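Please read this short report alongside the sequence and the 3D view. Keep both in sight as you go.

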Amino acid sequence: MSGATQQPNIVFILADDLGWADLSVYGQTHYQTPHLDAVAAEGVRFTQAYANSAVCSATRFGLITGRYQYRLRGGLEEPLVRTAHLHGLPPDHPTLPSLLRDAGYETALIGKWHLGNLPNYGPLKSGYNRFFGNYGGAIDYFTHKPGVGAAVPRDLYEGEVPVDRVGYYTQLLADEATSWIGLQSADKPFFLSLHFTAPHWPWVGPEDEHISRDLTDIFHYDGGNLHTYAKMVRSLDAAVGQVVQALKDQGLDDNTIVIFTSDNGGERFSKTWPFTGQKTELLEGGIRVPTLLRWPARLKPQVSDQVAITMDWLPTLLAAAGTAPHPDYPSDGENILPVLEGLAPVHQRRLFWRYKAQRQRAAREGRFKYLRINHNEFLFDVEDDTLERANLKGKHPEVFTRLRQAWEDWNAQFLPITDEVLTHGVTPDIQADRYAPERATRGM
C-alpha cells in the first residue's frame, strides 16, 4: 500500500433513509448488495457510525458544515419543507465543498440538496461548481416531481435551471456522476457529492413506472413492500458499482476516497436488526447508519469500532486534503483519520441528539446511552443491549444523572426548538406497530 503523495479525489455517496441492515454486508439476507459489499471488503466498515439526526435535511446541515445542525435555523426543521424558501444554508457559511474548492478542488453535487430553495439558497451558492439534481426532499423516480399531477413542476435542475430528463432517478444520477468523473482533469483533484434519493419513498423500483403513473400522492402509505424495497436498494447498489468502476477504468480508484453512508436510519421496509427504532426516532435504528470508506492508497481493509458521526466527515476529509475547518466555524466533529490509519487508538466519544417529535433526547458516552421519549427516561448499554430493552437508570444512577445533565448543558448552547419548527414523526394512524396504549399496564 503506497502513501498518497497528492491530494486525494473524494466521492461522498449519501443514501436516503437506508437502514442499518439493508446491505448484505451489514446483515441483509433477503437480497444481495455485491458492489457495496466489495467497497466494504476493500476498505473500512464502521460498526458504530451515527447520523447527526433521525431525519434527512437536519443531517445534511451537519454534513456540509461539520457542526451540530442546531446552530442554524434551517437545521432545526425536521425536515426542511414548508419554510425552505425562508430557511436554509446561508451562502456565506463555510462548507465542506467551499473549503475543498478553496484548497484547489473541483466540486460537484449530483443528486439531492435539501438545504433551502432558490433564490436564496442552493449548491452553487455554497461551494459547488456544478449541480445536477433536486432541490427538495423527495421526488418521484420517473416523473421527477415532488408531487402528483400536471400542475406540479419538476424538481430537477442543471445548476439553477429546470431540466427535463427521462429515466429512473437512481440511474440518472449514476450516469451523471460517471460522466462528470470522466470529464475531470488529471492535474486537479475533485470532490463529488453523490446524494441519491434511494431508497426514500415513493416505493417504486426501476421497472415500476406504472406505479408512478397511478400514484395519487408520492407520500403513499398504501404502497410498498419488501420486494419493491429490495429492488430499490439493489438499484442503488448497482449505481454505486457503476461509479466505482468508472474510477477504476480511469486509474483513479487508488487515491480516491469513496465514502458511503445514509442520512438517517431506515423507514417502513428497512431492516434495522439488531436495533429497534427507525427514521424520526432516537433509538439506535433511527440514527445508527451503515458506513463504508475506501481509500486504497492510505487505508488498509478493516472493521472499525470507532464511534463516529456525520459531522466528523468535514474535519476528516479536510485533513486528508491537507487543509482544515475555517477558524471562525470550528467543527463539532473530529478528524477520525488517525484512528483509521492506526496512529491513534479507538476512543470513547460523547455525542448528543434531540428531536422535536415525542420530545426525544439522547446522549451517548462510551457504552452508555441516555434516552428520553416524551417523559420516559432510560439508560442503556448499547454495546451489550443493542435492542435497548434493559433500562439501567436504577442500576447506574450516577451515569444516568451525569448524562442527563450533560445533555442539558449541551442543549443550552443551541437555538431552541420553538412551536413553529416542523417535525415529522411516526404515529399510530399511519404505522400499526407504533401504537400508543390508552392506559399503560405492567401486567394482567
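A pocket is found on a 1 Å grid over the protein atoms alone: it is an open set of points with protein on both sides within 12 Å along at least five of seven lines, while a cavity is a set of points where a 1.4 Å probe fits but cannot get out; lining residues have an atom within 4 Å of a point. This is a predicted model, in which local features need pLDDT of at least 70 and side-chain atom pairs count only at pLDDT 80 or more, while totals for chains, interfaces and linings use all residues. Residues are numbered from 1 along each chain as its sequence is written, and side-chain values use heavy atoms, with hydrogens and water left out.

**The second largest pocket**

The second largest pocket is lined by 30 residues. Leu80, Val81, His114, Gly137 and Ala138 lie nearest its centre. Its space is about 670 Å³. Such a volume is the space filled by probe spheres set on the points, with grid points joined across faces, edges and corners. The lining has 17 nonpolar, 8 polar and 5 charged residues. Here Ala, Val, Leu, Ile, Met, Phe, Trp, Tyr, Cys and Pro count as nonpolar, Asp, Glu, Lys and Arg as charged, and the others, Gly among them, as polar.

**The sheet**

Next come the strands. Helices (H or I, at least four residues) and strands (E, at least two) are DSSP runs, numbered from the N terminus. Two strands pair if DSSP finds at least two bridges between them. Strands of a sheet pair through backbone hydrogen bonds, either parallel or antiparallel.

In this model, 10 strands form an open sheet with mixed pairing, in the order 7-6-5-4-8-1-9-10-2-11. Strand 7 (161-162) and strand 11 (302-304) stand at the edges. Each has a single partner strand, so one side of each is left without a neighbour in the sheet. Four of the pairings are set out here.

| Strands | Sense | Bridges | A bridge pair |
|---|---|---|---|
| Strand 1 and strand 8 | parallel | 5 bridges | Valine 11 and leucine 192 |
| Strand 4 and strand 8 | parallel | 6 bridges | Alanine 108 and leucine 192 |
| Strand 1 and strand 9 | parallel | 7 bridges | Valine 11 and valine 258 |
| Strand 6 and strand 7 | antiparallel | 2 bridges | Tyrosine 157 and proline 162 |

Leucine 192 is thus the bridge partner of valine 11 and also of alanine 108.

**Covered strands**

Are the residues of strand 8 (residues 190-195) buried or exposed? Buried means under 20% relative accessible area, exposed over 50%, and partly exposed in between (1.4 Å probe, protein chains only). In strand 8, 6 of 6 residues are buried. Phe190, Leu192 and Leu194 cover one side, and Phe191, Ser193 and His195 lie on the other. Strand 1 (residues 9-15) has 7 of its 7 residues buried. Its one side holds Asn9, Val11, Ile13 and Ala15, and its other side holds Ile10, Phe12 and Leu14.

**The cores**

In soluble globular proteins, nonpolar side chains tend to be buried together. A nonpolar core is a set of buried Ala, Val, Leu, Ile, Met, Phe, Trp, Tyr and Cys residues joined through side-chain atoms within 4.5 Å. The largest nonpolar core has 53 residues, of which Leu192, Leu194 and Phe260 touch the most other members. Strand 1, strand 8 and strand 9 are among the elements that give two or more residues to this core. Helix 6 gives the most to this core, with 10 residues. A second, separate core of 41 residues includes Leu89, Ala320, Ala321 and Ile336.

Which residues does leucine 194 touch? Contact means heavy atoms within 4.5 Å. Not counting residues up to four places away in sequence, leucine 194 touches Phe12, Ile13, Leu14, Ile110, Leu173, Ala177 and Val243.

**Unusual backbone spots**

The peptide bond from glutamate 78 to proline 79 is cis, with omega near 5 degrees. Proline 79 sits in the loop between helix 2 (56-65) and helix 3 (96-102). Serine 57, in helix 2, is buried at a relative accessible area of 0%. Its contacts include Pro79, Leu80 and His114, not counting residues up to four places away in sequence.

A second cis bond joins alanine 198 and proline 199, where omega is about 0 degrees. Proline 199 lies in the loop between strand 8 and helix 5 (209-214).

Histidine 144 is not a glycine, yet its phi is positive, near 60 degrees. Histidine 144 is buried, with a relative accessible area of 0%. Threonine 280 also has a positive phi, about 80 degrees. Threonine 280 is buried, at 3% relative accessible area.
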